[in-house]
Structures are given as C-alpha cells and as structure tokens.
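Biologist: I would like to understand how the labels on a model like this one are earned. Could you take me through the reasoning?

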Amino acid sequence: MEKTERLSDRVCEQIKTDISKGKYQEGEKIPAEPELMKQYGVGRSTIREAIKSLAMSGTLKVQQGSGTFVNSAKDTETIDQRLIRADFDEINSVRRLLENELVKLAAIHSRKEDILLMDEKLEDRKLAIHAEQQQQCIDADIAFHMAIAKASSNSVLADLYNSFTAIIRKFFSAREKTGISHFALSHHLHEELFKAIKSGKPKLAQQVLQQILDNNY
C-alpha cells in the first residue's frame, strides 16, 4: 500500500507539471486510464489514486460518463486567493453580510467588558484621526470592528471576520493613499454605532452600519 501511495504522489506531481507546461490545457479532457498508465509507467490502481487526489485538490474534475478534465486556474484558487483579487464592491458586499449580523448580535449579547473594549478602540480611532496617522487609523478602525465581532458571542463569525480583516486592511490602504479623510468623515457614525450597541438596540446598530458601508468609498 505504501508503495502505491508513493507512486501515486509522484504521478500527481508529474500530471501537475504537465498541466503547468501546457501538455493538458484548462478545460481539456485528459487521456483515459490505459493511456495514462502507459505515459507514466504505473498500474491502474496508482493512476486511479492519483486522479482521486488531484480531483480532491481541485486540479482535475471527474465527470461521470464523460471523463476527467483539467479545471481552470480560477476553479483551483483558494478563498484567500479569490479575495485578494476581488474588487471593492465585492469586498463591501461581504462586509455587509458579516457585519450586519455581528452588530446585531453585539447589541444583544455584549457584556460590560465588551463595551469597555469597544470604547477603548473607538477612542484610539479618534486619536489617530487627530494625529493624522493613516496606519494607526486603519489599525484602530479594524480593532474597533473586531471588538464588535468578539462581543457578538459567535466565535465562528468572529473568526471569519478576523480572517477577512487582512483584505479590509489592503483595501483601506489602496483607498486612502494619503491622509485620513474617510476615517474622519465616518467617525461620528462609528460613535453612533457604538451607542446603539451599548444601548442594546440591534436594529439601530444595523441601520448605522449600513450608513458606514454606504459611505465607505
């Protein structure tokens, strides 16, 4: 069994190399098992194991009754790779979905320590604006929204948002080449968002969040 697995790993790498060199094009059907056995000098079980592995990784796509095809590069991208090349409207749409739920839950579930942390990060945001420090504004803004995520009491959503902050950080940097105008103009809305969460008003918190994201350009 170990020998078969080692051989299949080698065949996987050979097939991927052949794809990268253009031997098999995107969307193209690769040869049937007998031809692959001949090309790579291995048995049927090794070929099947290699195909299964490459299909699981997204490199190949097995279509029952039709054959095995090379996936496009887009199909094999990780979610992080897709996010990196996403445009601002796409990023903002995802933010709406995530944060709309997070601010609602934070308004319902936030505890005293959560409120104190949000208040602290909001103050950091204001100080960074007054100091006209772009990087500190970015850091403080993200920290404020992360404090809201933690206050939601939904660890899965908070983890998702935490992963997403790297993309938000990238877009903030691209949006604001110099200065801190967007952060300054939206600070009063962030204060209103904090007050709505602190007061336990989920619908109001969601309304304020929509204003923040509508003016996030």
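Modeller: Happily, and let me begin with a term we will need: a crossing is left-handed if the near helix is turned anticlockwise from the far one by less than a right angle, and right-handed if clockwise. Please keep in mind that this is a predicted model.

Biologist: Thanks! Which handedness applies where α6 passes α7?

Modeller: The crossing of α6 past α7 is left-handed.

Biologist: Why are α6 and α7 called roughly antiparallel?

Modeller: Their axes cross at roughly 165 degrees, coming within 8 Å. Angles over 145 degrees count as roughly antiparallel, and therefore α6 and α7 get that name. On the α6 side the contact includes Leu117, Met118, Leu122 and Ile129, and on the α7 side Ala140, Phe144, Ala147 and Ile148 are among the residues involved.

Biologist: What makes up that contact of α6 with α7, by class?

Modeller: There are 12 nonpolar residues, one polar residue and five charged ones.

Biologist: How do you know that α6 is roughly antiparallel to α10?

Modeller: By the same kind of reasoning. The axes of α6, residues 112-130, and α10 cross at roughly 170 degrees and come within 11 Å. The cut-off is over 145 degrees, so α6 is roughly antiparallel to α10. Among the residues in this contact are Ile115, Asp119 and Lys126 of α6, with His187, Glu191 and Phe194 of α10. By class, the contact has six nonpolar, two polar and five charged residues.

Biologist: Now the loops. Why is Ser186 called buried?

Modeller: Ser186 is in the loop between α9 and α10. Its relative accessibility is 10%, and buried means under 20%, so Ser186 qualifies.

Biologist: What makes the approach of the Ser186 side chain to the backbone oxygen of Phe183 a polar contact?

Modeller: The distance is 3.4 Å, and the limit for such a pair is 3.5 Å.

Biologist: What is notable about phi of Glu132?

Modeller: Phi of Glu132 is near 55 degrees, a positive value in a residue other than glycine. Most residues other than glycine have a negative phi. Glu132 lies in the loop between α6 and α7. With a relative accessible area of 61%, set against a cut-off of over 50%, Glu132 is exposed.

Biologist: And how do you know whether Ser153 is buried or exposed?

Modeller: Ser153 has a relative accessible area of 51%; the cut-off is over 50%, so Ser153 counts as exposed. Ser153 sits in the loop between α7 and α8, and its phi is positive, near 65 degrees.

Definitions and conventions: Residues numbered from 1 in each chain as written. Predicted model: local features only at pLDDT ≥ 70, side-chain atom pairs only at ≥ 80, totals over all residues. Heavy atoms only, no water. Helix = DSSP H or I, 4+ residues; strand = E, 2+ residues; numbered from the N terminus. Buried < 20%, exposed > 50% of the residue type's maximum accessible area, 1.4 Å probe, protein only. Polar contact = N/O pair within 3.5 Å; in protein donor to acceptor, adjacent residues only side chain to side chain. Axes fitted to C-alpha atoms, helices over the stretch in contact; angles between N-to-C directions. Parallel < 35°, antiparallel > 145°, perpendicular 65-115°, else oblique. Contact = heavy atoms within 4.5 Å. Nonpolar A, V, L, I, M, F, W, Y, C, P; charged D, E, K, R; others polar.
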